[in-house]
Amino acid sequence: MTTAPDLTALTADDTAAAQAAFDALIDAEQRIEPRDWMPEGYRKTLIRQISQHAHSEIIGMQPEGTWITRAPSLKRKAILLAKVQDEAGHGLYLYSAAQTLGITRDDMTTQLIAGTAKYSSIFNYPTPTWADMGAIGWLVDGAAICNQVPLCRASHGPYGRAMVRICKEESFHQRQGFEILLTLMQGTDAQRAMAQESVDRWYWPSLMMFGPPDESSPNSAQSMAWKIKRFSNDELRQRFIGMLVPQAEILGVTLPDPELRWDDEAQRWHTSEIDWTEFHEVLAGRGPMNAARLQHRRAAHEDGAWVREAAVAYARRQAEKNEKAVA
């Protein structure tokens, strides 16, 4: 009588060997590529992080897009248009990186417009003044740079490589925002007041972009062990504040934190307590612009259905044409 092989034991052995190979690559600071074996938890973590990052880039086009037709000069309009186009490109790079992990772009888009996927809470705030274009560039894109430059060394190859180009373009975005604020601060009293008011509104939400405190961030430790993340939320937040302080002095704006000071003994910036209740409210979909942002994205997706259908039909006809040519 022939005994069937113990596939369960074989699978366990194979999995153990694959896990050991994966761990060795991580320890050696090597990249995990799409064809490499990876733990399911690693794959799911990356899908969650990369898709949320992609969604943030796409939704992030909206706050600034509303100012393209209202920019104060043709030069400002052209720069802002280029920036919004960059954000669209970033979203496409990131969706492509996520697709290497076994999820489709259609699935990610469906999750976003259905409201089941998260994106950065920072984009759920309104942009009522032109100064907001400066504050977003300086603060929001500045926070993005602090957060994303270490991701260029992420252990997942497609994600890390996508981040290299994204970070280069984000550097341009940050400089553009800084220059807008600098110009306003060199202008009239009303322009200086507008710039300061915008900084007051965007400062705290930009600090929240790094995520909750380390003790309240359950995913950070594992992401750092897998070398997806390189620094904790609080470490990145401290770096960002350290970057802002001298730049705020150059701009002539005041960072809206009366308790902000350097603690020489602790070797860190001391700040007022961040309002994490606001962070969680916005993240849960109850921010000032959550509903409007998703509705706009949903409408754009529906309005673009004919383009997707036409592209599929064209691809089908081309495939049929090629098959006939081969035959």
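Here are some questions and answers on how the labels for this predicted model are earned.

Q: What does pLDDT say about the protein as a whole?
A: The mean pLDDT is 93, and 97% of the residues reach 70 or more. Among the elements, helix α8 (residues 189–208) has the highest mean, 98, and helix α1 (residues 7–27) the lowest, 80.

Q: Why should residues 1–10 not be read in detail?
A: Over residues 1–10 pLDDT stays under 50, and the model has zero contacts for them beyond four places in sequence. Where pLDDT is low, the predicted coordinates should not be read in detail.

Q: What is the protein built from, and what does its C-alpha trace span?
A: There are 13 helices and two strands. Along the principal axes the C-alpha trace spans about 90 × 60 × 35 Å. Of the 327 residues, 46% count as buried. Take the contacts with a separation of 6 or more: residues 24 or more positions apart account for 76% of them.

Q: Why is Ser223 called buried or exposed?
A: Ser223 has 2% relative accessibility, and the cut-off for buried is under 20%, so Ser223 counts as buried. You'll find Ser223 in helix α9 (residues 220–225). Leaving out residues up to four places away in sequence, Ser223 touches Thr45, Ile228 and Lys229.

Q: What makes Glu179 and Arg76 a salt bridge?
A: Their side chains come to 2.5 Å, N to O. The rule asks for a side-chain nitrogen of Lys or Arg within 4 Å of a carboxyl oxygen of Asp or Glu, so the pair qualifies. By this rule the count comes to 13 salt bridges.

Q: How do you know that the Glu179 and Arg76 pair links distant parts of the chain?
A: Glu179 is in helix α7 (residues 157–185) and Arg76 is in helix α4 (residues 74–99), 103 residues apart.

Q: Which label, buried or partly exposed, goes to each of Glu179 and Arg76?
A: Glu179 is at 32% relative accessibility, in between the 20% and 50% limits, so Glu179 is partly exposed. Arg76 is at 14%, under the 20% limit, so Arg76 is buried.

Q: How do you know that Arg237 and Asp234 are separated by about one helical turn?
A: Both sit in helix α10 (residues 233–251), and they are three residues apart, so about one helical turn separates them. Their side chains meet in a salt bridge at 2.8 Å, N to O. Arg237 has a relative accessible area of 6%, under the 20% cut-off, so Arg237 is buried.

Q: What makes Arg286 exposed, and what is Glu281 called?
A: Arg286 has a relative accessible area of 54%, and exposed means over 50%, so the label fits. Glu281 is at 33%, which makes Glu281 partly exposed. The two form a salt bridge, with the closest N and O atoms 2.9 Å apart.

Q: What makes Lys227 stand out in its loop?
A: Lys227 has a positive phi of about 60° although it is not a glycine. Lys227 lies in the loop between α9 and α10. At 17% relative accessibility, under the 20% cut-off, Lys227 counts as buried. Lys227 is also linked with Glu29 and Arg230 in a network of salt bridges.

Q: Which residue in the loop between β1 and β2 has a positive phi?
A: That's Gln267, a residue other than glycine, with phi near 55°. The loop lies between β1 (261–263) and β2 (268–270).

Q: Which residues touch the most other members of the largest nonpolar core?
A: Of the 75 residues in this core, Tyr42, Ile50, Trp138, Tyr159, Met163, Trp202 and Phe240 do. Met163, leaving aside its neighbours within four places in sequence, is in contact with His53, Leu94, Gln148, Leu151 and Cys152.

Q: What lines the largest pocket?
A: The lining has 44 residues, and Gln52, Asn147, Met209, Phe210 and Gly211 lie nearest the centre. The pocket's volume is about 1100 Å³. Helices α2 (40–59), α6 (131–148), α7, α9, α10 and α11 (276–286) each supply at least two lining residues. The largest share, seven residues, comes from α6.

Conventions
Residues are numbered from 1 along each chain as its sequence is written. Side-chain values use heavy atoms; hydrogens and water are left out. Helices (H or I, at least four residues) and strands (E, at least two) are DSSP runs, numbered from the N terminus. Buried means under 20% relative accessible area, exposed over 50%, partly exposed in between (1.4 Å probe, protein chains only). Contact means heavy atoms within 4.5 Å. A nonpolar core is a set of buried Ala, Val, Leu, Ile, Met, Phe, Trp, Tyr and Cys residues joined through side-chain atoms within 4.5 Å. pLDDT is the predictor's confidence in each residue, from 0 to 100. On a 1 Å grid over the protein atoms alone, a cavity is a set of points where a 1.4 Å probe fits but cannot get out, and a pocket is an open set with protein on both sides within 12 Å along at least five of seven lines; lining residues have an atom within 4 Å of a point. Grid points are joined across faces, edges and corners, and a volume is the space filled by probe spheres set on the points.
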